[in-house]
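Open the structure in your viewer and keep the selection tool at hand. This tour goes stop by stop, saying what to select and what is there.

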Amino acid sequence: MNDGSPRSETLAVRCCIAGGGPAGMMLGLLLARAGVDVIVLEKHADFFRDFRGDTIHPSTLEVMYELGLLDEFFKRPHQELRLLRGWIGDEMIPVADFSHLPTHCKFIALMPQWDFLDFLAQHAKTYPTFRLRMQAEVTDLIEEGGRVAGVRARTATGALEVRTDLVVGADGRHSTVREKAGLQIMDLGAPMDVLWMRLSQRPGDPKESMGRFDPGHVFVMIDRGDYWQCAFVIPKGGFDEVKRRGLEAFREEVARVAPFMRERVSELSDWDHVKLLTVAVNRVREWYRPGLLCIGDAAHAMSPVGGIGINLAIQDAVAAGNILAEPLRRGHVGLDQLRAVQRRREWPTRVTQRFQVFVQNRIIGRVLTTQAKSFAVPLPVRLMRRWPFLRRIPARLIGMGIQPEHVNETSLRGT
Ligand SMILES: Cc1cc2nc3c(=O)[nH]c(=O)nc-3n(C[C@H](O)[C@H](O)[C@H](O)COP(=O)(O)OP(=O)(O)OC[C@H]3O[C@@H](n4cnc5c(N)ncnc54)[C@H](O)[C@@H]3O)c2cc1C
């Protein structure tokens, strides 16, 4: 009989994943599909939260194809982005053309992240070895004999202890798992933060996503069907100064950089409509310890340049699944296998971050701080205007990443 006092529960599983974001849900699905007993602990009650990026890249869509889920996935409302354009001053220039990628989907799909996560959860739940516990926040690690042997979590109904062969920290860029494991983080710095907001769409609006680069301003508009998801880039730590100048001044700045929005900037009637993303670019030196691995943002927070954080998180999950499913089925994951996951994913992360830091410092930082009234279109962009095939290079970097991962049916065989 329940006497009303909080319950304490203990579970034993092969793999316990902290965090039900893109990395955690994809790894949970892959391991369950491979017959591994897996639990995902997610601290929130549902997936419906603030905007955290809606982009599903061609390489992620390729993974969905390999899993046989693509047709069903596309039954959910989404938009398709085939060409990315940039406005530099008064000139509109296509900068990334996805239509030539060697993938089944030659576009970025735009879908709310909660729909994507809900889709992964629904499919994972069809496997008997999958469990998802919402409102279960990992608070600590259990260590025994020099290795991580499980986690402690706080749930809606009381304390939970999960004993496991492997803890995966997929709990995002403020990872508790990473902190409790004492994994060291390297900060690569960023000269900017991003203010996210929604503005409605109206008849006659341009029907495509784009980025605008004007002296002092970088503004990105993502077409989300009946509204624009907008990113207003500001110098690092500049949000207090933006607020000090007042909402009216901010609305005027948005209207100046996107004049066709002028009539609707009044929709930003409160600072609550403007969400700050504090940009961080970092990665851990070692992604693992005995009995523990970090993936996704927990291992490396990405810059918003290219909008590739979700894609990298998914690619980490696929690589981790490919390497770890078999050892997990056997019941022993050694350091060599954890090291192999880091080795596989670290270099694409490093190269991507190096590229992002270059763009942040050499392009965005300069655009934000320039005093000039106008600036010339940079040479690489001019070349893309002249030779359209060059637009395939950024499309490949953004759409597929440095090292796209594929579902290995030998280790991740469906059961
Ligand atoms: C405002 C914003 C806009 C973005 N835009 C884009 C974009 O356009 N394209 C793109 O690719 N990326 C974008 N990103 C980045 C992207 O969201 C991340 O890179 C990606 O979600 C990383 O996935 P993840 O699974 O590693 O971590 P997360 O998505 O952060 O997921 C971590 C999960 O763990 C849960 N969690 C945290 N702590 C605990 C705990 N202690 N116990 C249990 N659960 C826990 C969280 O609730 C969350 O569900 C954006 C991010 C932000 C904040």
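In which sense do strand β15 and strand β16 pair, and over how many bridges? Select residues 217-223 for β15 and residues 227-235 for β16. The two pair in the antiparallel sense, over 6 bridges. Keep in mind that this is a predicted model.

**Stop 1: the sheet of 7 strands**

Pick out M221. Opposite M221, in β16, stands C230.

Now widen the selection to the whole sheet. It is open and has 7 strands. Their order is β6-β5-β14-β15-β16-β13-β17, and the pairing is mixed. Colour β6 (91-97) and β17 (275-277), which stand at the edges. Each has a single partner strand, so one side of each is left without a neighbour in the sheet. Look at how the strands turn: neighbouring strands of this sheet are turned by 25° against each other on average, direction ignored.

Add helix α7, residues 247-257. Helix α7 packs on the sheet and touches β13 (192-200), β14 (210-214), β15 and β16. The direction of α7 makes about 75° with that of β15.

Then add helix α9, residues 335-369. Helix α9 also packs on the sheet, touching β13, β14, β15 and β16. Its direction makes about 105° with that of β15.

**Stop 2: α8 against α9**

Leave α9 on screen and select helix α8, residues 309-330. How do the axes of α8 and α9 cross? They come within 9 Å and cross at roughly 170°. That angle is over 145 degrees, so α8 is roughly antiparallel to α9.

Show the side chains of the contact:
- From α8, take L312, Q315, D316, A319, A320, I323, L324, P327 and R330.
- From α9, take Q337, L338, A340, V341, R344, R345, T349 and T352.

Colour these residues by type. The contact of α8 with α9 divides into 9 nonpolar, 4 polar and 4 charged residues.

**Stop 3: α1 beside α4**

Select helix α1 (residues 22-33) and helix α4 (residues 113-124). Their axes come within 9 Å and cross at roughly 20°. The two helices are therefore roughly parallel to each other. The crossing of α1 past α4 is left-handed.

On the α1 side, P22, M25, M26 and L29 make the contact. On the α4 side, look for Q113, F116, L117, L120, A121, H123 and A124. What kinds of residue meet in this contact of α1 with α4? The division is 9 nonpolar, 2 polar and no charged.

**Stop 4: A170**

Go to the loop between β11 (158-169) and α5 (176-181), where A170 is found. Is A170 buried or exposed? Its relative accessible area is 10%, and buried means under 20%, so A170 is buried.

Show what surrounds A170. Leaving aside its neighbours within four places in sequence, A170 is in contact with I17, A18, G19, A23, G24 and I295. Next, try a distance from A170 to V138. They are 32 residues apart in sequence and 11 Å apart in space, C-alpha to C-alpha.

**Stop 5: the β9 and β10 hairpin**

Select strand β9, residues 136-144, and strand β10, residues 147-155. They pair in the antiparallel sense over 8 bridges. Find A136: its bridge partner in β10 is T155. The hairpin has 2 residues between the strands, and G145 takes a positive phi near 55°.

Step back to Q135, in the loop between β8 (130-133) and β9. Most residues other than glycine have a negative phi. Q135 is not a glycine, although it has a positive phi of about 50°. At 40% relative accessibility, Q135 counts as partly exposed.

**Stop 6: helix α2**

Select residues 58-66, helix α2. Of its 9 residues, 7 are buried, so α2 is largely enclosed by the rest of the structure. The buried residues are P58, S59, T60, L61, E62, V63 and M64. Just after α2, G68 takes a positive phi of about 75°.

**Last stop: the sheet of 3 strands**

Finish with an open sheet of 3 strands, in the order β3-β7-β4. The pairing is antiparallel. Which are the edge strands? They are β3 (55-56) and β4 (79-81), each of which pairs on one side only. Strand β7 covers residues 108-110 and pairs with β4 over 3 bridges. Select E80 to end: opposite E80, in β7, stands A109.

Methods. Residues are numbered from 1 along each chain as its sequence is written. This is a predicted model: local features need pLDDT of at least 70, side-chain atom pairs count only at pLDDT 80 or more; totals for chains, interfaces and linings use all residues. Side-chain values use heavy atoms; hydrogens and water are left out. Two strands pair if DSSP finds at least two bridges between them. Helices (H or I, at least four residues) and strands (E, at least two) are DSSP runs, numbered from the N terminus. Axes are lines fitted to C-alpha atoms, for helices over the stretch in contact, and angles run from 0 to 180 degrees between N-to-C directions. Contact means heavy atoms within 4.5 Å. Angles under 35 degrees count as roughly parallel, over 145 as roughly antiparallel, 65 to 115 as roughly perpendicular and the rest as oblique. Ala, Val, Leu, Ile, Met, Phe, Trp, Tyr, Cys and Pro count as nonpolar, Asp, Glu, Lys and Arg as charged, and the others, Gly among them, as polar. Buried means under 20% relative accessible area, exposed over 50%, partly exposed in between (1.4 Å probe, protein chains only). A crossing is left-handed if the near helix is turned anticlockwise from the far one by less than a right angle, and right-handed if clockwise.
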